[in-house]
Amino acid sequence: MTKETELEARLEQKERFEPPASFIEQANVSDPDIYEEFEENWPDCWERAAELLEWDETHDDVLVDDDEPFYEWFVGGRLNASYNCLDRHLADRGDELAIQWEGELGETREYTYAELHREVNEFAAALRELGVGEDDVVTMYMPMIPELPIAMLACSRIGAPHSVVFAGFSADALATRMNAAESEYLVTCDGYYRRGDALDHLSKANEGVDGVDHDTTTVVVDRLGDDEPHELDDTQRDYAELVESQSGADIDPVSRDAEDMLFLMYTSGTTGKPKGVKHTTGGYLSYVTWTARAVLDVKPDDTYWCAADIGWITGHSYIVYGPLALGTTSVMYEGTPDYPDKDRLWEIVDRYDVTQLYTAPTAIRAFMKWGSDYPAAHDLSSLRLLGTVGEPINPRAWKWYYKHIGDESCPVVDTWWQTETGGMMITTLPAIGDMKPGSAGPPLPGIDARVVDGAGEEVAPGKAGYVTVNRPWPGMLRTLYRNDERFLSEYWEAYSDPDADEWVYFPEDGAKIDDDGYITILGRVDDVINVSGHRLGTMEIESAIVGVEGVAEAAVVGGDHELKGEAVYAYVILEDGYDDDEAMRERIVAGVEESIGPIARPESVVFTPELPKTRSGKIMRRLLEDIANGEELGNTSTLRNPDVVSDIEAKVRGD
Ligand code: PRX
């Protein structure tokens, strides 16, 4: 048997892969007793996470659960996140790199901890002078440039929660989020590079601000320089000038209560309105620091790279807060993985001797398609650990990553978590658990995640069920911003029994569990789809489509896609008098891009005179998904309008 077929066979059999001995020897966490220790000592076990930080005041209670499910962690404790990510490293690591940034055009910028600390202080002083006070929400609408983490840390220094909006979202999406958070401050930039072209970002930001219903002040970073000039109006200030005017400023880090909000992050849910997930200073920071150390094995001397975007939770937790709290070097890359060529990531790993790489299965599927010659042309031997996040990884992609990037000598951690969980929840600990390709692994120590049926009973191994989390954890969301009711109904209603004082968190994912307790995530069970690891609400897309003139009704589902994982399929009914032609299709696509962003662009728009509905009038989404995936359709006799199904199928096939 060749090595290749041998590996294939092991994968087929779902054989387990042991962590390499060389990794175990040096790992931050390698004692298997940790699971039992956490179990026996819960919730006090989480003191271990809190101890990774420096506190102004230590907590009185690890967990307070007087008002479930509004749990509070490290109650009575006080700390500052920016102090923990910067100041406390200055004595020993002031001259070590905190951020190693590379722009798409190849330019680089490096910030030592001392330099980062300096600029964060200056920008914090500038924000204060602009009027930002404690608890004022500052919105950031920025691509992957160093000023984004600087602005986040400057906010956390003065106790102002940030709300980062992904730069790929549209002006409308920015306005919705600024309005929802009543955010009066925006930090943005003039533009950035994509595949060599300078993109205008400021016009989009300006258009967004036009849609905000209160006065705002905007700070603009000049990313593109003099070649691409931009103009500021009298509500806008230049970032560099502000920082310069505060040269040498020292801002005392504001001591925050452990339960004070560190940031808000809007994410998609079942309804059309994005949810403002609230994370706190003590619990969140402890949890991401603990998981970055235990799962990603981050050490101060590492050059660690999470190739996500800070505009999503992965970047918040594992590019900014976790790694910087641990005093490591965090790599940031501005651009796409295929510019100027398809080996850009491997070039970066090689150049900086990257020690850990944490990325999404959608990227791995693209690398696989491009072929192994690209990574093979570079020295990737500095890598010690690989991670994935954001969507299920199929065993074939897992194997490719393990072999062609990790040279079969790096553990791969497949980490399941969500915006709401703050940090990782289900994954192997890389020096302890064997890896099973395609399966995330057991819940982390202290995490009580289960796979249950509709009634909340644990399902038998191998059977599909739903993930629940049956005990709180420090990194959990505390509520949805100014919407406790929705927090309760979205996450706690399905499985909790308040009369019995049983509170169960429902993440809205399907899964199966094996005999050995390993959990394989099967994907969302609500109306959320996962396009290239980006979470999108089908209702949000539907309402964007219905907003297009001439559209009467729309249904959006996720269809399987080789690279994206899922792609957006839109089924559209037009009003009388409108033609189902190419121009209409283009207007629909443009409507989605305008109200959400290009990531939500439909892969396919199918015009139909009717949507398949049950007798009670509910759209049969499952059927539309099956049509999108070209799957055999089950019984359609329960439909009010069974004939429509074959019409739609014919249209999708292009008959
Ligand atoms: O469906 C799960 C999927 O991504 C969802 C959470 O999306 P978001 O809040 O945007 O956070 C993504 C990054 C943490 C989950 O409900 N998901 C995340 N990680 C995995 C995953 N699905 C399978 N395997 C994973 N490792």
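Immediately after helix α17, residue D407 adopts a positive phi of about 55 degrees. Helices here are DSSP runs of H or I with at least four residues, and strands are runs of E with at least two, both numbered from the N terminus. Helix α17 itself covers residues 395–405, and its buried residues are A397, W398, K399, W400, Y401, Y402 and I405. Buried denotes under 20% relative accessible area, exposed over 50%, and partly exposed the range in between, with a 1.4 Å probe and protein chains only.

The model is predicted, and local features need pLDDT of at least 70, side-chain atom pairs count only at pLDDT 80 or more, and totals for chains, interfaces and linings use all residues. Residues are numbered from 1 along each chain as its sequence is written, and side-chain values use heavy atoms, with hydrogens and water left out.

Helix α13 also ends ahead of a positive phi, which is found at G327 with a value of about 75 degrees. Because 13 of the 13 residues of α13 are buried, this helix is largely enclosed by the rest of the structure.

Two further positive phi values belong to residues other than glycine. Most residues other than glycine have a negative phi, and most peptide bonds are trans. For E182, phi is near 45 degrees, and this residue sits in the loop between α9 (171–180) and β8 (185–189). D297 has a positive phi of about 60 degrees and belongs to the loop between α12 (281–294) and β16 (303–306). The relative accessible area of D297 is 1%, so this residue counts as buried.

Cis peptide bonds are found at two prolines. The bond from E68 to P69 is cis, with omega near 0 degrees, and P69 is placed in the loop between β1 (61–64) and β2 (72–75). The bond that joins Y339 and P340 is likewise cis, with omega about -5 degrees. P340 lies in the loop between β17 (329–333) and α14 (344–352).

On a wider scale, the chain is divided into domain 1 (18–414), domain 2 (449–524) and domain 3 (528–654); these bounds come from an automatic or database domain assignment. The C-alpha centres of domain 1 and domain 3 are 34 Å apart. The contact between these two domains takes 22 residues from domain 1 and 21 residues from domain 3, where contact means heavy atoms within 4.5 Å.

The ligand has 17 residues around it, of which D414, T415, T419, R524 and R535 come nearest. A residue is near the ligand if one of its heavy atoms lies within 4 Å of it. This shell divides into six nonpolar, six polar and five charged residues. In that division Ala, Val, Leu, Ile, Met, Phe, Trp, Tyr, Cys and Pro count as nonpolar, Asp, Glu, Lys and Arg as charged, and the others, Gly among them, as polar. At least three residues of the shell come from each of domain 1 and domain 2. Among the secondary-structure elements, α13 (313–325), β20 (412–415) and β24 (519–524) each supply at least two residues of the shell.

Side-chain atoms of several residues approach oxygen atoms of the ligand. The distance from an N or O atom in the side chain of R535 to a ligand oxygen atom is 2.7 Å, and for R524 the corresponding distance is 2.8 Å. A polar side-chain atom of D509 lies 3.0 Å from an oxygen atom of the ligand. Taken alone, the ligand exposes 540 Å², and the protein buries 96% of that; accessible areas come from the Shrake-Rupley method with a 1.4 Å probe, and for residues only the protein chains shown count as cover.

T427 is placed in the loop between β20 and β21 (449–452). This residue counts as buried because its relative accessibility is 0%. Apart from neighbours within four places in sequence, T427 is in contact with V295, V413, D414, T415, A440, G441, P442 and L444. T427 and V412 are 15 residues apart in sequence, and their C-alpha atoms are 9.8 Å apart in space.

H378 lies in another loop, between α16 (373–376) and β19 (385–389). Its relative accessible area is 18%, so H378 is buried. Not counting residues up to four places away in sequence, H378 touches D343, W346, E347 and D350. The side chains of H378 and D343 make a polar contact at 2.8 Å. A polar contact is a pair of N or O atoms within 3.5 Å; within protein, one must be able to donate a hydrogen and the other to accept it, and residues adjacent in sequence count only if both atoms are side-chain atoms.
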